[in-house]
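Welcome! Please take a moment to look over the structure below, and then we can walk through some of its features together.

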Amino acid sequence: PFEKEILFFHPDDRPLFINTIKSLCEGGIPPKRLCFRLNHDSSENWQYTEKEFVPITDKNGKVVTIIGTHRNVTHIYEMKKRLEELIRRSDYAIKSANMTLWELNTDDMCFTTYNDPVTNYKDGVKTPMDEYMELIRFKENNNLDSVENTLRNGIASDIYCEEKFWNNIDQKWHYGILTGTPFDIDKNGHTIKFVGFRRDITELIETQETLKKEMKRAQQADKLKSTFVANMSHEIRTPLNAIVGFSNLLPNEEDSELKKEYTKLINTSSDMLLRLINDILDLSKIEAGIIE
């Protein structure tokens, strides 16, 4: 009975099946293939089944019989599901790695890109090669002519080059590494399609530039420090020599005026030496970030 048969359908698919049969009985146009989930053993192992319907009418055009066929397509749906999952994972991996997938058909010389900032991240956008190349700047002396020649003439050869490309999102030039390989080659050895990736290395390049600047600053600071130490060594020796020299002369000097002069020179040199030592200590505190 129809009421019993309908129980084999997945609850979500029953309304579609009932409405389809009802429409056919009323003379409706037969639909194309419809897919339903069925289960005849009361388990959760639902089988995907494609059904086709053909109404049979009498001489008055009244539907008297409905003939149907069904085909188990579970394996097709499972393969489709696995393929969709694989595509989702690949898409996630490409985006996580900040990469762009590109294809070039040599028949129409159009790029098709995925996760591409050049095309505002719109997947599947086709861009003529000449137009696309306007948004890319190759580094000097980095086989630009060779790359273009390979693509335009369909040469069966791998591609590798460094480039700069325009990012429409942040309106800046980014650095990238472009790699590609022939994907489809005809019997004459002509490449019909190239497939490859472009990896954004802007962050790496900027980090390298920052390190170069910091290294240059460190080298300059080290040079200045060496000069400062050399100058301080000379400045320290001058008052120290005066202190030692006049201290040695002072005990043997009988002239009271000269003794006062020697004592004054010793005190002056001592003050100078103390100021120099304080300056050196202040420099150490500046380097340690204690004072500005």
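## A residue to start from

Let us begin with I67, which has a relative accessible area of 46% and is therefore partly exposed. This residue belongs to strand 3. Before we go further, please keep in mind that this is a predicted model.

I67 has company at the surface: together with V54, I56 and V64, it forms a nonpolar patch whose accessible area adds up to about 320 Å². Two elements, strand 2 and strand 3 (63-72), each give two or more residues to this patch.

## The strands around I67

Which residue stands opposite I67? It is V54 that faces I67 of strand 3. The two strands, strand 2 and strand 3, run antiparallel and are joined by 9 bridges. Their hairpin has 5 residues between the strands, and G61 takes a positive phi there, near 85°.

Strand 2 also pairs with strand 1, again in an antiparallel way, through 5 bridges. One of the contacts to look for is F36, whose bridge partner in strand 2 is T49. Strand 1 (residues 34-38) has two faces: L34, F36 and L38 make up the covered one, while C35 and R37 lie on the uncovered one.

## Aromatic rings

How many aromatic pairs does a search of the whole structure find? The count is 9. In one of them, the ring centres of Y48 and Y77 lie 4.4 Å apart and the planes meet at 5°, so this pair is stacked. Planes count as stacked when they are under 30 degrees apart.

The stacked pair brings together distant parts of the chain, since Y48 sits in strand 2 (residues 47-57) and Y77 in helix 3 (residues 74-96), 29 residues apart. Y48 is partly exposed, at 28% relative accessibility, and Y77 is partly exposed too, at 29%. Elsewhere, F2, F9, F17, F36 and F53 come together as one aromatic cluster.

## Two nonpolar cores

In soluble globular proteins, nonpolar side chains tend to be buried together. Here, the largest nonpolar core holds 16 residues, and the members touching the most others are W102, L104, F111, M129, L151, I159 and F194. Strand 4 (99-105), helix 4 (129-133), helix 5 (144-152) and strand 8 (159-167) each contribute at least two residues to this core.

A separate core has 9 residues, including I6, F9, L34 and L38. You have met some of these names already: L34 and L38 are on the covered face of strand 1, and F9 is part of the aromatic cluster.

## An alternating strand

Strand 8 is a nice place to see side chains alternate. I159, C161, E163, F165 and N167 point to one face and are buried, whereas Y160, E162, K164 and W166 point to the other face and are not buried.

The partner of strand 8 is strand 9 (residues 172-185), which runs antiparallel to it and is joined to it by 9 bridges. N167 has K172 in strand 9 as its bridge partner. In the hairpin of these two strands there are 4 residues between the strands, and Q171 takes a positive phi near 55°.

## Salt bridges

Side chains of opposite charge can pair when their charged atoms come close. How many salt bridges does this structure have? The count comes to 13.

Helix 3 offers one example: E85 forms a salt bridge with R89, with the closest N and O atoms 3.2 Å apart. These residues are 4 apart in helix 3, so about one helical turn separates them. E85 is partly exposed at 31% relative accessibility, while R89, at 56%, counts as exposed. In helix 5, E148 and R152 are also 4 residues apart, about one turn of the helix, and their side chains meet in a salt bridge with an N to O distance of 3.3 Å. R152 is partly exposed, with a relative accessible area of 37%.

D108 and K126 form another salt bridge, at 3.0 Å from N to O. This pair links distant parts of the chain, with D108 in the loop between strand 4 and strand 5 (110-114) and K126 in strand 6 (residues 125-128), 18 residues apart. D108 is partly exposed at 35%, and K126 is partly exposed at 48%. Finally, look for R33, E50, E52 and R71, which are linked in a network of salt bridges.

Note on methods:
Residues are numbered from 1 along each chain as its sequence is written. This is a predicted model: local features need pLDDT of at least 70, side-chain atom pairs count only at pLDDT 80 or more; totals for chains, interfaces and linings use all residues. Side-chain values use heavy atoms; hydrogens and water are left out. Rings of Phe, Tyr and Trp (its six-membered ring) pair if their centres lie within 6.5 Å; planes under 30 degrees apart count as stacked, over 60 as edge-to-face and the rest as tilted. Buried means under 20% relative accessible area, exposed over 50%, partly exposed in between (1.4 Å probe, protein chains only). A nonpolar core is a set of buried Ala, Val, Leu, Ile, Met, Phe, Trp, Tyr and Cys residues joined through side-chain atoms within 4.5 Å. Two strands pair if DSSP finds at least two bridges between them. Patches are made of residues with over 30% relative accessible area and no salt bridge: like charges are joined within 9 Å, nonpolar side chains (Val, Leu, Ile, Met, Phe, Trp, Tyr) within 5 Å. Accessible areas come from the Shrake-Rupley method with a 1.4 Å probe; for residues, only the protein chains shown count as cover. A salt bridge is a side-chain nitrogen of Lys or Arg within 4 Å of a carboxyl oxygen of Asp or Glu.
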